[in-house]
There are 2 protein chains.
Amino acid sequence: MPHKVRIALDAMGGDVGASVVVPGAEISLRRHPDTEFLLFGNRAAIEPLLEARPGLRSAARIIHTDVAVKMDDKPSQALRYGRWKSSMWLALDAVKKHEADVTVSAGNTGALMAMAKFNLKTMQGIDRPAIAALWPTLKGESIVLDLGASIGGDAQHLVDLAVMGSAMARVVFGLDRPSVGLLNIGVEEVKGLEQVREAGRLLREANLQNLEYIGFIEGTDIADGTADVVVTEGFAGNIALKTAEGTARQFVQYLRSAMSRTWRTRLGYLLARQAFRTLNEKMDPRKVNGGVFLGLNGIVIKSHGGTDAEGFASAVDLGYDMARYDLLAKIEQTLGRSGAGDSAIRIGEVAS
Amino acid sequence: MPHKVRIALDAMGGDVGASVVVPGAEISLRRHPDTEFLLFGNRAAIEPLLEARPGLRSAARIIHTDVAVKMDDKPSQALRYGRWKSSMWLALDAVKKHEADVTVSAGNTGALMAMAKFNLKTMQGIDRPAIAALWPTLKGESIVLDLGASIGGDAQHLVDLAVMGSAMARVVFGLDRPSVGLLNIGVEEVKGLEQVREAGRLLREANLQNLEYIGFIEGTDIADGTADVVVTEGFAGNIALKTAEGTARQFVQYLRSAMSRTWRTRLGYLLARQAFRTLNEKMDPRKVNGGVFLGLNGIVIKSHGGTDAEGFASAVDLGYDMARYDLLAKIEQTLGRSGAGDSAIRIGEVAS
């Protein structure tokens, strides 16, 4: 990619819209000066924020639209009134038209996925898109997918998730051959779903050059960082993600109430403040903000709707990396269509 | 129940066996003096432990067997050599023969479930048993099931889980009408599994007297304690449980390493020691040790294999409560077969 990384921003997305998106873009631009922004949304809301930021001003262009997708609309509603003209749609369309390399939106997840599917379509050979996210672990970070873009799925879908997740791991972690585990349950007498077993067999047999399949893993292995990429279908993935979020919040709550109980614990808290700051940073969802939509003909990053400028900047950073290190080409490569290494992994071809 | 609560213990179960089981029984006996124990296992291992505990000695009887199920055996192996004669089998058989009111084992989960199904059989109207556990939440505790006894399942299975879980909540929490939530995912465009939606419709329409159905809940709601009973099929349930375990461990690890970094944080730790003790207690898995097998013609408690005497005592306490407050009758009642309140909730009858 010789040119700058061109990032299309849905400036109206998220709980507050432009007042988070524009400052977030500015933070990310400082980290990646070779970025250009297309800002889609209401010019009257965006312009003053941009005028106050000369550095960003000269790297950004506003494309005005009056229409914004609301956070609580159903995907079908959003499509009905927002297609062709909402800031979300236009930001996606910029990627479709090759005017941008990646779209970042903090808008309504369902609407964003519906519009992305409708406009960008899934990659050849991929039936259903997925949402992947970075997950903080004891070893660093892992990629976990699918977090709820679709429910269920056969062995081929799980293999596709492994291929896409490992391509993302190559981009984000800079690994040649990321390790991939299939999430399963360890209770002896049930031995896991048939499609999970079949996917494991396929991945083992394919022995891909860009992906090291390490077998089944359990829920505890996510936090342990046992695999670089954790693969599961979207129902269990979404439940794992939200259960972990809830548990982390619960822990913070317990800790806070325990620390404020007596003068000794309060004094201890003051002395150990730095430790709690470190802990908060480790568990800070803003630092790993950004789900990646995988499997579409274009890169789309979903930032958390309730994030702040720092969090939105993390999502923009992630989009930058995906574009700069060419996520889509790496997926194609693992799918075996680049001629540059791996053999194809399609059930019809592998399972002979 | 006029007589004492009679508890059958698999004295050979768990990573260490009798040296945890016998002291655990002693601790629980102190809390519930109206308990009698049947100890199944190797007399030579149990007898000396019992002799040292005169209180327990007079409330316990040893039934000798040489055969013990190993922790890493497959259920089929365990059934082959352990049926009719292992300590695990005999402890279950005591319940089958009405010589005991409940079985507690820290042995191999898969083997215990296989033997329990084989010997006790599922209750009339229940197709598949489930494993339920107490889950610490911000509000106290909730019951979560199924944690992996079976995978998948239709709407009727989820309704059965709701019925059994709410009966357990009535016993453990002393509630008249526990709230029940169906675990689902919140991503708009997918809207959850068909069987989850159908189960929700059935539960809403049935409007049971002993169970308040509150709708779909998400992973974060488990830690928040939104529902007294959280219902999901075993694959997602097992993954939720183990993901939460992993996350809690991760948090403790982060905290420990952050607190030991400088002299200030170490001093802070010393001053706030009591707070960390409180925190550990809150997150201590021993305090909520014990999965309950639901849906069988008999009550079976599975204690964690690696637990200590205090943890095993918690499992015995749980078994005591289940027997004393008659879990099985409460399930029957909610199933509508007691004539004492609720109408039957079977798909053929409700969905007209």
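Two strands count as paired when DSSP finds at least two bridges between them, and that criterion underlies the sheet pairings visited on this tour of a predicted model.

**Stop one: the end of the sheet in chain B**

Select strand 7 (residues 179–183) of chain B together with strand 8 of chain B, which run parallel and are joined by 5 bridges. Within this pair, look for Val180(B), which stands opposite Tyr213(B) in strand 8 of chain B. Now widen the selection to the whole open sheet of chain B, whose 11 strands follow the order 3-2-1-4-11-10-5-6-9-7-8 with mixed pairing. Strand 3 (60–64) and strand 8 (212–217) of chain B stand at the edges, each with a single partner strand, so one side of each has no neighbour in the sheet. If direction is ignored, neighbouring strands of this sheet are turned by 25° against each other on average.

**Stop two: the sheet of chain A and a helix on it**

Move to chain A, where an open sheet of 11 strands, again with mixed pairing, has the order 3-2-1-4-11-10-5-6-9-7-8. Its edge strands are strand 3 (60–64) and strand 8 (212–217) of chain A, each of which pairs on one side only, and the twist from one strand to the next averages 25°. Inside this sheet, select strand 10 (residues 291–294) and strand 11 (residues 299–302) of chain A, an antiparallel pair joined by 3 bridges, in which Phe293(A) stands opposite Val300(A) of strand 11. Then add helix 7 (residues 155–173) of chain A, which packs on the sheet and touches strand 5 (130–136), strand 6 (141–145), strand 7 (179–183), strand 9 (229–231) and strand 10 of chain A. The direction of helix 7 of chain A makes about 160° with that of strand 9 of chain A.

**Stop three: an exposed position**

From Val300(A), turn to Ser76(A): the two are 224 residues apart along the chain, and their C-alpha atoms are separated by 19 Å. Ser76(A) lies in helix 4 (residues 75–82) of chain A. Is Ser76(A) buried or exposed? Ser76(A) is exposed, because 12 other C-beta atoms lie within 10 Å, and a residue with 12 or fewer is classed that way.

**Stop four: the nonpolar core**

For contrast in the selection, colour the largest nonpolar core, which has 244 residues. The residues with the most contacts inside this core are Leu9(A), Ala132(A), Met168(A), Leu9(B), Ala132(B) and Met168(B). Centre the view on Met168(B), which, leaving aside residues up to four places away in sequence, touches Ala132(B), Ile143(B), Val292(B), Leu294(B) and Leu327(B).

**Stop five: where the chains meet**

Finally, show both chains and select their contact, which takes 59 residues from chain B and 59 residues from chain A. On the side of chain B that touches chain A, the elements giving two or more residues are helix 6 (109–120), helix 9 (219–224), helix 10 (234–259), helix 11 (263–271) and helix 12 (273–283) of chain B. Helix 10 of chain B provides the largest share of that side, 22 residues. Sorted by class, the side of chain B that touches chain A has 30 nonpolar, 18 polar and 11 charged residues.

How are the two copies related? A rotation of 180°, with 0.0 Å of shift along its axis, superposes chain B on chain A with an RMSD of 0.0 Å, which is the relation of a two-fold axis. To locate the rotation axis, select Gly268(B), whose C-alpha comes closest to it among the residues of chain B, at 1.9 Å. The same surface serves both copies, since 100% of the contact residues of chain B recur in chain A.

Notes. Residues numbered from 1 in each chain as written. Chains lettered and ligands numbered in written order. Predicted model: local features only at pLDDT ≥ 70, side-chain atom pairs only at ≥ 80, totals over all residues. Contact = placed C-beta atoms within 7 Å. Helix = DSSP H or I, 4+ residues; strand = E, 2+ residues; numbered from the N terminus. Nonpolar A, V, L, I, M, F, W, Y, C, P; charged D, E, K, R; others polar. Least-squares fit on C-alpha atoms with pLDDT ≥ 70 in both. Core = buried A, V, L, I, M, F, W, Y, C linked by C-beta atoms within 7 Å. Buried ≥ 20, exposed ≤ 12 C-beta atoms within 10 Å, placed from the backbone. Axes fitted to C-alpha atoms, helices over the stretch in contact; angles between N-to-C directions.
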